[in-house]
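Good morning, colleagues. My topic today is the pairing of charged side chains, and I would ask you to keep the structure in view as I speak.

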Amino acid sequence: MTRLLQFKPLYQQRVWGGHVLESWLGRRHVLAGPIGESWEIVDRPEAQSVVALGTWSGRTLRDVIERDATTVMGPAWRADRRFPILVKWLDCRERLSLQVHPPEAVAGALAGEPKTENWYFARTDEGAAVFAGLREGVTPDDFERALG
């Protein structure tokens, strides 16, 4: 039996956010300030998606997987394994900070976590841009010197 899971969004207030997600996604936010992120699916220690409708309504994604991993994730999925993807919408009104995530081999020692990210731009304003990587020819020494 296939079950579709729908989750309640978790809104994240951010100073660089706005209110576009309200109209674009047809939602009313419970937060008064600018919303930078709407977490649609999350299974992290500090944040959990909650099922909105159906048999598992009110349960967290973690609880659903722990109780019935094979139904939700397939026969090879261990019940203690977290859902590996954080799905979120962003409303970025300003430039965001540089993001550098450590590789898996050193993440634990740095109290960080490795991340493999995939970005899809569903909508952008005129003139919007993303900085990815460095200009061709920039060496590690050049970069370090520029950091000053």
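Arginine 59 and aspartate 63 form a salt bridge through their side chains, with an N to O distance of 3.6 Å. Please bear in mind that this is a predicted model. Arginine 59 has a relative accessible area of 28%, and is therefore partly exposed. A network is also present: Asp43, Arg62, Glu66 and Arg82 are joined into one by salt bridges that share partners.

How many salt bridges does the structure hold? The count is 13. As general background, side chains of opposite charge can pair when their charged atoms come close.

Let me turn to two further pairs, beginning with arginine 14 and glutamate 37. Their side chains meet in a salt bridge at 3.6 Å, N to O. Because arginine 14 belongs to strand β2 (residues 10–18) and glutamate 37 to strand β3 (residues 35–41), this pair ties together parts 23 residues apart in sequence. Is glutamate 37 buried or exposed? At 7% relative accessibility, glutamate 37 counts as buried, while arginine 14, at 25%, counts as partly exposed.

The other pair is arginine 27 with glutamate 40, whose side chains form a salt bridge at 2.8 Å, N to O. Arginine 27 sits in the loop between α1 (20–25) and β3, and glutamate 40 in strand β3 itself, so the contact ties together parts that lie 13 residues apart in sequence. Here arginine 27 is partly exposed, its relative accessible area being 22%. Glutamate 40, with a relative accessible area of 14%, is buried, the cut-off for that term being under 20%.

Thank you for your attention.

Conventions. Residues are numbered from 1 along each chain as its sequence is written. This is a predicted model: local features need pLDDT of at least 70, side-chain atom pairs count only at pLDDT 80 or more; totals for chains, interfaces and linings use all residues. Side-chain values use heavy atoms; hydrogens and water are left out. A salt bridge is a side-chain nitrogen of Lys or Arg within 4 Å of a carboxyl oxygen of Asp or Glu. Helices (H or I, at least four residues) and strands (E, at least two) are DSSP runs, numbered from the N terminus. Buried means under 20% relative accessible area, exposed over 50%, partly exposed in between (1.4 Å probe, protein chains only).
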